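Me: I'd like to go through this model with you, one piece at a time. Can you keep the cut-offs explicit as we go?

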Amino acid sequence: MTLLNPFRPTTARRAARTLAALGAAVLLVSGCGSDSDSDASDGGGKDGAKTRTVKDATGRPVEVPVAPKRIVTLTQEDLDAVLALDVEPVGITNGQGLSEPPEYLADKVKDVEVVGNLLQPVMDKVIKAKPDLILAGDMQDEQVLKQLREITPATLVTMAPADDWKLSFRGVANAVNKLDQANKVISDYEADAKAAGAKLGADKGAEVSIVRWNPDGPSWMEKKQFASGVALDMGLKRPKAQNKDGNAHTPPLSLEKINEIDGDWLFLSTLTSDGEKALKDVQEKPAYKELTAVKEGHAVTVDGSVWSTRGGPLASRVVMEDITKALTKS
């Protein structure tokens, strides 16, 4: 999919970390109160439709329909969020690292028009979708945002660089006027994650290594990255070498540092065919075979288009199920 930047947190996101605190605070304000926290008016929308004003992840006030009917999502995180709120969009983009919608959501979007790749909308297709609300993920290209706002002023940046999926999800929910439903989705997830972690038997509280294999080596995910957050919500731990705050990942490691990816359990993902080939190649090398997790049969391959993303409520369920399935088989 987005071949120029297959794992977004290391580039534009790191460059924009100065916006993180502002974005998080803004979304907390706009996303954690009741729906009445946003200003509503009788004008401003098409055909006199009622609108309300919300703030996006950058703090920008945006007038949105009280009940949007035609939503276009530009990231799989936004798509995940609206689907979890029982909203079917009219336009979507392909998944991260993919030339098609993410597999874990595919059965829910069979008849939905694809309007481009991740954060790379084809404007003619977006126009054809006639959106009354565009959820633009962590889009930072001002030129693209300007074009989108010409299609509909109701265009929101939904993610700041350091936002976790729960915060972004609440922001999306606020934009579509379903905040109460989002809060229930999150509370149900948290209860289920805690319960699932309590049933892991001997592996309860195990140290879980979360790694994405790139063409030039492995990168482990920082403590606040999406999949790591799910593991922590289940009461699991991160290996000491990986117990680092942040929501991105390390630069690719050399084989000399491969011990940094070890743990009680090792979850491995890829996003490109080159990364997949590199992982298969290294699995034949002694350094890899000497990892404790590998020797104990605790190395598990998972879907990088779920595990290596910013995440969402539906993706969190996939990660939880992957962890539960692996650890309860041991």
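Me: How are α8 and α13 oriented to each other?
Reply: In this predicted model, α8 and α13 come out as oblique to each other, because the angle falls outside the classes of roughly parallel (under 35 degrees), roughly antiparallel (over 145) and roughly perpendicular (65 to 115). The angle between helix α8 (residues 226–233) and helix α13 (residues 313–327) is about 60°, and their axes are 10 Å apart; axes here are lines fitted to C-alpha atoms, for helices over the stretch in contact, with angles running from 0 to 180 degrees between N-to-C directions.

Me: And what should I know about numbering and filtering?
Reply: Residues are numbered from 1 along each chain as its sequence is written, and side-chain values use heavy atoms, with hydrogens and water left out. Because this is a prediction, local features need pLDDT of at least 70 and side-chain atom pairs count only at pLDDT 80 or more, while totals for chains, interfaces and linings use all residues.

Me: Which hand does the crossing of α8 and α13 have?
Reply: The crossing is right-handed, meaning that the near helix is turned clockwise from the far one by less than a right angle, whereas anticlockwise would be left-handed.

Me: Which residues meet there?
Reply: From α8, Phe 226, Ala 227, Val 230 and Ala 231 meet Ala 315, Ser 316, Val 319, Met 320 and Ile 323 of α13, with contact taken as heavy atoms within 4.5 Å. By class, the contact of α8 with α13 has eight nonpolar residues, one polar and no charged, where Ala, Val, Leu, Ile, Met, Phe, Trp, Tyr, Cys and Pro count as nonpolar, Asp, Glu, Lys and Arg as charged, and the others, Gly among them, as polar.

Me: What about α7 against α13, what angle and axis distance?
Reply: Helix α7 (residues 179–198) packs with α13 at about 5°, the axes being 11 Å apart, and that makes α7 roughly parallel to α13. On the α7 side the contact uses Val 185, Asp 188, Tyr 189, Asp 192, Ala 193 and Ala 196, and on the α13 side Pro 313, Ser 316, Arg 317, Met 320 and Thr 324. Sorted by class, the contact of α7 with α13 has six nonpolar, two polar and three charged residues.

Me: Back to α8, which of its residues are buried?
Reply: Phe 226, Ala 227, Ser 228, Val 230 and Ala 231 are buried in α8, where buried means under 20% relative accessible area, exposed over 50% and partly exposed in between, using a 1.4 Å probe and protein chains only. These buried residues pack against α6 (165–175), α7, β11 (208–214), α12 (304–307) and α13.

Me: What caps the N-terminal end of α8?
Reply: Gln 225 does, with a side-chain oxygen 3.1 Å from the backbone nitrogen of Ala 227; the limit for such a polar contact is a pair of N or O atoms within 3.5 Å, one able to donate a hydrogen and the other to accept it, and residues adjacent in sequence count only if both atoms are side-chain atoms. After α8 comes Gly 235, with a positive phi near 85°.

Me: Is α6 largely enclosed or open?
Reply: It is largely enclosed by the rest of the structure, because ten of the eleven residues of α6 are buried. The N-terminal end of α6 is capped by Asp 164, whose side-chain oxygen lies 3.2 Å from the backbone nitrogen of Lys 166, and just after α6, Asn 177 takes a positive phi of about 65°.

Me: Switching to Arg 52, is that one buried or exposed?
Reply: Arg 52, in strand β2 (residues 51–55), counts as buried at 3% relative accessibility. Its side chain reaches the backbone oxygen of Asn 174 at 2.6 Å, and Asn 174 is one of the buried residues of α6.

Me: What is the phi of Leu 119, and of Lys 130?
Reply: Most residues other than glycine have a negative phi. Leu 119, however, has phi near 55°, and Lys 130 has phi near 50°. Leu 119 sits in the loop between β7 (116–117) and β8 (120–121) and is buried at 18% relative accessible area, whereas Lys 130, in the loop between α4 (123–129) and β9 (133–135), is exposed at 59%.

Me: Last one, how many helices and strands are there?
Reply: The protein has 13 helices and 14 strands, taken as DSSP runs (helices H or I, at least four residues; strands E, at least two) and numbered from the N terminus. Of its 330 residues, 53% are buried.
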